[in-house]
Amino acid sequence: MPSPPTLAKSGSSGRVLDAYVAAHLRQTEGLLLTALNTDSSELRGGDAELAASLVDSNRLYAVAAQRAGNARLADFLRQLEPLLLELANPAVAPDISVRQGLRDYVRSNDVLFQVRATQARLDERGVHGT
């Protein structure tokens, strides 16, 4: 994944989008942490439902970011989509190699760092407003 995206354009609509995307990224981070750190099949159903909801939101925010002129944020959100789709459609009985593959992908692509850095930048923009 490329470096964390830049912020949305200035103005109140940009700050509103930033706030919603930051909240979305907090939920995404929580889902990723749960998926990466839990081997329990009991959590998979709820995680899949949350991931499916996040896929829908992610698509809307990517379109909104693109329309707001923030192509980097839109691209970043689009890059998250395959990972969210994978979590939304888990294998019926995933073996350890599937879980390890997900962990390896997230680590090797610094996905959690990207999500956290982007979310922090969006939050910072909301606090300082420009």
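## Exercises on a predicted five-helix chain

Asp18 has a relative accessible area of 0% and is therefore buried, where buried means under 20% relative accessible area, exposed over 50% and partly exposed in between, computed with a 1.4 Å probe on protein chains only. The model is predicted, so that local features need a pLDDT of at least 70 and side-chain atom pairs count only at pLDDT 80 or more, while totals for chains, interfaces and linings use all residues. Residues are numbered from 1 along each chain as its sequence is written, and side-chain values use heavy atoms, with hydrogens and water left out.

**Exercise 1. Describe the secondary structure of the protein chain and the confidence of its prediction.**

Step 1. Helices (H or I, at least four residues) and strands (E, at least two) are DSSP runs, numbered from the N terminus. The protein chain has five helices and zero strands, and along the sequence these give the pattern α-α-α-α-α.

Step 2. For confidence, the quantity to use is pLDDT, the predictor's confidence in each residue, from 0 to 100. The protein chain averages 84, and 78% of its residues score at least 70; the mean is highest in α3, at 94, and lowest in α4, at 81.

Step 3. Of the 130 residues in the protein chain, 38% are buried. Contact means heavy atoms within 4.5 Å, and among contacts between residues at least 6 apart in sequence, 81% join residues at least 24 apart.

**Exercise 2. Identify the helices that supply the largest nonpolar core, and the residues with the most contacts inside it.**

Step 1. A nonpolar core is a set of buried Ala, Val, Leu, Ile, Met, Phe, Trp, Tyr and Cys residues joined through side-chain atoms within 4.5 Å. The largest one here has 29 residues, and Val21, Leu25, Leu32, Leu77 and Val106 have the most contacts inside it.

Step 2. At least two residues of this core come from each of α1 (12–37), α2 (44–67), α3 (71–88), α4 (96–108) and α5 (111–128), and α3 gives the most, with nine residues.

Step 3. Leu32 serves as an example: leaving out residues up to four places away in sequence, Leu32 touches Leu83, Leu87, Val106, Val111, Leu112 and Val115. As background, nonpolar side chains in soluble globular proteins tend to be buried together.

**Exercise 3. Characterise the packing of α1 against α3.**

Step 1. The two helices pack at an angle of about 35°, with their axes 12 Å apart; axes are lines fitted to C-alpha atoms, for helices over the stretch in contact, and angles run from 0 to 180 degrees between N-to-C directions. The crossing of α1 past α3 is left-handed, a term for a near helix turned anticlockwise from the far one by less than a right angle.

Step 2. On the α1 side, Val21, His24, Leu25, Thr28, Leu31, Leu32 and Ala35 take part, and they meet Leu73, Phe76, Leu77, Leu80, Leu83, Leu84 and Leu87 of α3. These residues divide into twelve nonpolar, two polar and no charged, where Ala, Val, Leu, Ile, Met, Phe, Trp, Tyr, Cys and Pro count as nonpolar, Asp, Glu, Lys and Arg as charged, and the others, Gly among them, as polar.

Step 3. Within α1, His24 is buried because its relative accessible area is 2%, and beyond residues up to four places away in sequence, His24 touches Leu54, Ser57, Asn58, Tyr61 and Leu77.

Step 4. In α3, Leu87 counts as buried because its relative accessibility is 11%. Apart from neighbours within four places in sequence, Leu87 is in contact with Leu31, Leu32, Ala35, Asp47, Ala48, Ala51 and Leu102. Between Leu87 and Ala51, which are 36 residues apart in sequence, the C-alpha to C-alpha distance is 5.9 Å, and for Leu31 and Leu87, 56 residues apart along the chain, the C-alpha separation is 8.7 Å.

**Exercise 4. Place Asp18 and Asp110 in the fold, and state which of the two has a positive phi.**

Step 1. Asp18 belongs to helix α1, and its C-alpha atom is separated by 9.5 Å from that of Tyr61, 43 residues away along the chain.

Step 2. Asp110 sits in the loop between α4 and α5 and counts as partly exposed because its relative accessibility is 44%.

Step 3. Most residues other than glycine have a negative phi. Asp110, although not a glycine, has a positive phi of about 50°.
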